[in-house]
Amino acid sequence: MRTFLDTSLLSLMLFSCFNSDVSSSLYSSSCQLQKQFDLNGMNKPGDVILGGIFKLHFFPVYPDLSFTSEPQQPSCYGFSVVGFRLAQTMTFAIDEINRNSNLLPNVTLGYSLYDNCVQLGISFRAALTLVSGQEEQVTLEENCVGTPPVLGIVGESSSTRTIAISTVLSSYRVPLVSYFATCSCLSDRQKFPSFFRTIPSDAFQVNAMIQILKHFGWTWAGLIISDNDYGVHAARSLHSDLGPAGGGCLAYTEILPRVYNPDELKRIVDVMRKSTARVVILFAHESHVINLMKEVNQFWEHTFQCRFAPPPAGWVEAGRELCTGQEVIENVETEFLDVSNLRPEYNVYKAVYALAYALDDMLQCEPGRGPFSNNTCAHLQRLEPWQLMHYLEKVNFTTTFGDRVSFDENGDALPVYDIMNWVWLPDGRTKVQRVGEVKRLAFKGEELTLDEGKIFWNFESKQPPQSVCSESCPPGTRMARKKGEPECCFDCVPCSEGKISNTTDSMECTSCPEDFWSSPQRDHCVPKKTEFLSYHEPLGICLTTTSLLGTFICVVVLGIFIHHHRTPIVRANNSELSFLLLVSLKLCFLCSLLFIGRPRLWTCQIRHAAFGVSFVLCVSCILVKTMVVLAVFRASKPGVESSLKWFGAVQQRGTVLVLTSVQAAICTAWLVSASPMPHKNTQYHSDKIVYECAVGSTVGFAVLLGYIGLLAVLSCLLAFLARNLPDSFNEAKLITFSMLIFCAVWVAFVPAYVSSPGKYADAVEVFAILASSFGLLTALFGPKCYIILLRPERNTKKAIMGRGTDT
């Protein structure tokens, strides 16, 4: 019912206007006030009147509503020293302006100030009284124009009351300059076109809080608000901006009761105590905060030098007092009620001066150059609030304290907040000292300035507290959100192999570049280990030594054969093919070195070609030697002597050349169509780069090996057919044995090569080359060298032909 009554009373302020019959040619009208409100206030006459609304009392007393008679107007009690101080600031500013000959010369400002009793209904009555006046009857000119009772109003302190009042005053374009209403919703110029304020909006206040949280690394905080527009809008802004702007989260959000409720306050205190958040943000009215402080023992016990039950041991015995919770905080000298810092008063001071400077600019308008229709100016005798509002939007001045005052397009002043630190003194008193500021700079956003050396921290460490839900994840880990909990609560999960996190609180691990791998700590990338068959490792050294040893043996055997080239055993079975075979074997040993060392483009392209051609040259010589053996013994039979003409020296060389040319053609086609290339393989080991030669064409490699195998099998078959020919030194047996070794090695090579990873595939191929080369060298030339060096008596034509030893 009270809300209905407060709203219905709006109609009581309307004037009843009617025309009066006069004989003059000019019509006139009069407006009669239906009823006056009984309001507490202060008034001073002047040429121009400024209005003000302040809380001079705390509580209203509403009469009983019997609905049988006209309700009486409410009265107020509980004198507010703070509100009275604000009102006195406005009267002081107006008196100061009146004494200033440079500002509003020849114009005297007056004021009309009313008490709102911290109630919306009473505040509404005060606002309507200011814009309508208290005169019983007002006679207006034909157009109902005339100087209004007030040109502008300084007020209100509450966002809720300001929203309601400004909604009505904006319809009449009456400027309302608030000194304490911070709701960001009031920046909406569509809804509140005539609203201005000299205190920053909640939007900046929230950003200032976030800047402080970021500065100290507080990502986990509690939020306590008043149950009004100020608290609700501030909480909404903080909820939406804290995460994106500050990377923080709220552990809880609690709403303080509008009236003193010990049970609810105790519940809120329990939430604060049980929470791991060590930082609490408050957007609340001072009266609500005082009620909360009664439930917070650190504040209460320290202020009154008492202890709540159970007290510490020996407390009562020492004659000290127990806290009852009924102590009167207003009777204690605390900074919470200190009046020495006049920040709200300064906002009132700036609001009054803003209206005065706007009025001064308006009265200095030159006729014919005004901002209104037909370039007209405003006149002192016919001032309109909307005219003052036009100049108020453009006001720009500097106070005597050096602070610039202007309003942006939303009616907000340049935002600046002092950062105050509450200091406990040894004698139980407290004081508040300025330790920094937060202000908005043009084109730079918010700027935080802190003098941390001045900050008092009420902890044993004397250091800022830590307030995080989860400790920052160390480098090498990433954050993993906890399901159902705020973003600031997370687990730290180590990065997987190949990924790193070199910053704290990273959501994702970063993959290392291709040639790099994660360090053991997963905090930086290190070059991957490289792997290839190296000359410097034991396996590479062993294979290199074996290759060089085989080459050296070939050179020695070749030297022996050259030295004994006239002996029967060397001359038998075409010594020229034997020399060519030794050279090809030496090339086979040497080509294995191309498989050792870091793969290069040229080594990848040459290694298989050299290997294929060398072995085909070797096997071709063996094949031709086998064919010659068969031809010689066939020629010893009657009627087939002519068969030798097909196996002369020219034919033998031609056959070897043709067979080798086929392999050369295969290698050339392979290199041209799909050349082998160096390849960095990371599939075998994720933390290693295996350098290998990609064959390019598996078909080309298979054809190369197949052609060698074909010649080897053919040589083996022919040698097997000639194994029983009548000769004491039948070379066909040696060829058969050597080809069996050769084929066995390469048959075993294929599965071993396919299943061997990385450098071991190269090692298998080198081993196959060396094993088959040593098999051929030993089987074909071992017995001959044995006879040449150790059994020279058998190195005769008769011995070779099987007719005994020459004498």
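In this predicted model, helix α14, which covers residues 575–591, gives the most to a nonpolar surface patch, supplying 4 residues. The patch has an area of about 350 Å² and is made by Leu548, Leu580, Val583, Leu587 and Leu590. Valine 583 has its place in helix α14, and with a relative accessible area of 31% this valine is partly exposed, since the partly exposed class runs from 20% to 50%.

Helix α14 also takes part in a salt bridge, in which the side chains of arginine 653 and glutamate 576 meet at 2.4 Å, taken from N to O. The pair links distant parts of the chain, because arginine 653 lies in helix α16 (residues 649–673) and glutamate 576 in helix α14, 77 residues apart. Arginine 653 counts as partly exposed at 43% relative accessibility, and glutamate 576 is likewise partly exposed, with a relative accessible area of 35%.

Salt bridges come to a count of 17 in the model, and three of the pairs are set out here.

| Pair | N to O distance |
|---|---|
| Arginine 653 and glutamate 576 | 2.4 Å |
| Glutamate 531 and lysine 688 | 3.5 Å |
| Aspartate 491 and lysine 482 | 3.7 Å |

In the pair of glutamate 531 and lysine 688, the glutamate lies in strand β26 and the lysine in strand β28, so that the contact ties together parts that are 157 residues apart in sequence. Glutamate 531 counts as buried at 11% relative accessibility, whereas lysine 688 is partly exposed, with a relative accessible area of 24%. In the pair of aspartate 491 and lysine 482, the aspartate is partly exposed at 41% relative accessibility, and the lysine is partly exposed at 29%. Elsewhere, Asp418, Arg434, Glu437 and Lys439 are linked in a network of salt bridges.

Strands β26 and β28 belong to an open sheet of 3 strands, which has the order β26-β28-β27 and mixed pairing. Its edge strands are β26 (529–531) and β27 (677–681), each of which pairs on one side only, and the twist averages 30° from one strand to the next. Strand β27 pairs with strand β28 (residues 688–694) in the antiparallel sense over 5 bridges, and asparagine 681 stands opposite valine 690 in β28.

A further element is helix α10 (residues 343–363), whose 21 residues should span 30 Å at 1.5 Å a residue, and whose end C-alpha atoms are 30 Å apart, in agreement with that expectation. Helix α10 is mostly covered, as 16 of its 21 residues are buried.

Technical notes. Residues numbered from 1 in each chain as written. Predicted model: local features only at pLDDT ≥ 70, side-chain atom pairs only at ≥ 80, totals over all residues. Heavy atoms only, no water. Patch = residues over 30% accessible without salt bridge, like charges linked within 9 Å, V, L, I, M, F, W, Y side chains within 5 Å. Areas by Shrake-Rupley, 256 points an atom, 1.4 Å probe, with all protein chains shown as cover. Salt bridge = Lys/Arg side-chain N within 4 Å of Asp/Glu carboxyl O. Helix = DSSP H or I, 4+ residues; strand = E, 2+ residues; numbered from the N terminus. Buried < 20%, exposed > 50% of the residue type's maximum accessible area, 1.4 Å probe, protein only. Expected span 1.5 Å × (residues − 1). Pairing = 2+ DSSP bridges. Axes fitted to C-alpha atoms, helices over the stretch in contact; angles between N-to-C directions.
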